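Good morning, colleagues. I would like to speak briefly about buried charge and how it is paired.

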Amino acid sequence: MHNLFLLVKHDLRQGVLHRWKFFLISLLYFVFIDIVFIVGINTMFADTNVKCSISDIMLNIFIGNKPFDPTEGKGINIAINWIVFHTLLFSSIGFYLIDDLKKSATQIILRTKSRALWWTSKIIWCMVLVVSYYLLFFLCAVLCGFFCGNMTFSLSDEIVSELYEITLQGVSVGKTIFTIIVLPMIVSISFAIVNAFISLIVKPIISLILFVCYLVASAFYESPILLFNYSMVLRNNFDGVNGVSNQNGVLISIVLLLICFTIGIKVIRKKDIL
């Protein structure tokens with residue numbers, strides 16, 4: 001346990017605290033998209049008392065888009081902010097993992113005499129990185145909600161119906177928060193570990209390209225095997241009939257995490273790190 005603590009301490013220092021530039025870029029991006037959204041809403045509802053709530057601001061990212069249907073003749077509509085949000089998060093996971101493996105992992109693994117502990121530490125690091133990223137996004141939304149004068153987590157019916165042509169009336173605040181921020185975070189944690197696992201097998205740039213392709217496929221098509229469907233509110237089955245369910249999203253994410261953790265131990269034990 002002591003060795004695992006040392007490994008986690010190393011990863012949190014090198015992979016989180018020392019990566020302030022990544023979080024600074026993320027912060028600037030969050031502030032930018034939040035301000036653009038708020039200005040747009042204030043312009044659209046200039047003659048009303050509608051104000052953006054915290055959930056409205058977060059929904060701007062995780063609303064996602066409806067599956068592509070060529071029969072509708074509406075063209076391609078992809079949620080760019082949703083794609084950028086996830087791509088930014090996963091853009092450096094594989095690179096840090098391999099960089100650490102080349103620079104310090106040899107000495108650390110020799111010292112701890114356990115490659116499994118090294119991989120376990122990376123799993124914990126992935127979780128902390130994703131949670132920190134989402135926490136930063138959440139705090140930006142809270143700050144923007146404060147300046148908008150609406151510090152509530154209730155969605156504005158006017159904004160939701162006007163922008164997304166859906167209604168979420170009757171949906172509890174708890175389910176709203178879970179669907180908008182908690183479930184996407186769980187999905188991101190799971191796929192961060194998938195990304196790290198794939199980076200053990202192929203180059204990080206290849207892993208990132210595969211991730212972006214999978215992300216775009218999730219934006220185009222609705223399927224339970226496309227995990228990022230669960231991080232789009234427009235794909236959620238609030239009516240209990242259509243779309244994907246929160247329960248399945250959590251279950252699949254946990255199963256995928258455990259599979260990558262187990263197989264990752266076998267891969268790192270056979271990997272040549274010299």
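Helices here are DSSP runs of H or I with at least four residues, numbered from the N terminus. Please keep in mind that the model is predicted.

I begin with Arg 19. This residue sits in the loop that joins helix H1, residues 2-17, to helix H2, residues 20-44. Arg 19 is buried, yet no salt bridge is formed by it. The nearest side chain of opposite charge belongs to Asp 99, at 8.8 Å. Since a salt bridge requires a side-chain nitrogen of Lys or Arg within 4 Å of a carboxyl oxygen of Asp or Glu, the distance of 8.8 Å to Asp 99 leaves Arg 19 without one. Which residues, then, does Arg 19 touch? Setting aside residues up to four places away in sequence, the contacts of Arg 19 are Gln 14, Ser 92, Tyr 96, Trp 125 and Leu 129.

I turn now to the charges that are paired. How many salt bridges does the structure hold? There are 2. In one of them, Lys 122 meets Asp 11, with an N to O distance of 2.8 Å. That pair connects distant parts of the chain, with Lys 122 in helix H6, residues 115-148, and Asp 11 in helix H1, 111 residues apart. Lys 122 and Asp 11 are both buried.

Lys 122 also forms a salt bridge with Asp 100, the closest N and O atoms lying 3.0 Å apart. Here helix H6 is linked to helix H5, residues 93-112, which carries Asp 100, across 22 residues. Asp 100 is buried, as is Lys 122. Asp 11, Asp 100 and Lys 122 are thus joined in a network of salt bridges. Thank you for your attention.

Terms used:
Residues are numbered from 1 along each chain as its sequence is written. This is a predicted model: local features need pLDDT of at least 70, side-chain atom pairs count only at pLDDT 80 or more; totals for chains, interfaces and linings use all residues. Side-chain values use heavy atoms; hydrogens and water are left out. Helices (H or I, at least four residues) and strands (E, at least two) are DSSP runs, numbered from the N terminus. Buried means under 20% relative accessible area, exposed over 50%, partly exposed in between (1.4 Å probe, protein chains only). Lys and Arg count as positive and Asp and Glu as negative; His and the chain ends are not counted. Contact means heavy atoms within 4.5 Å.
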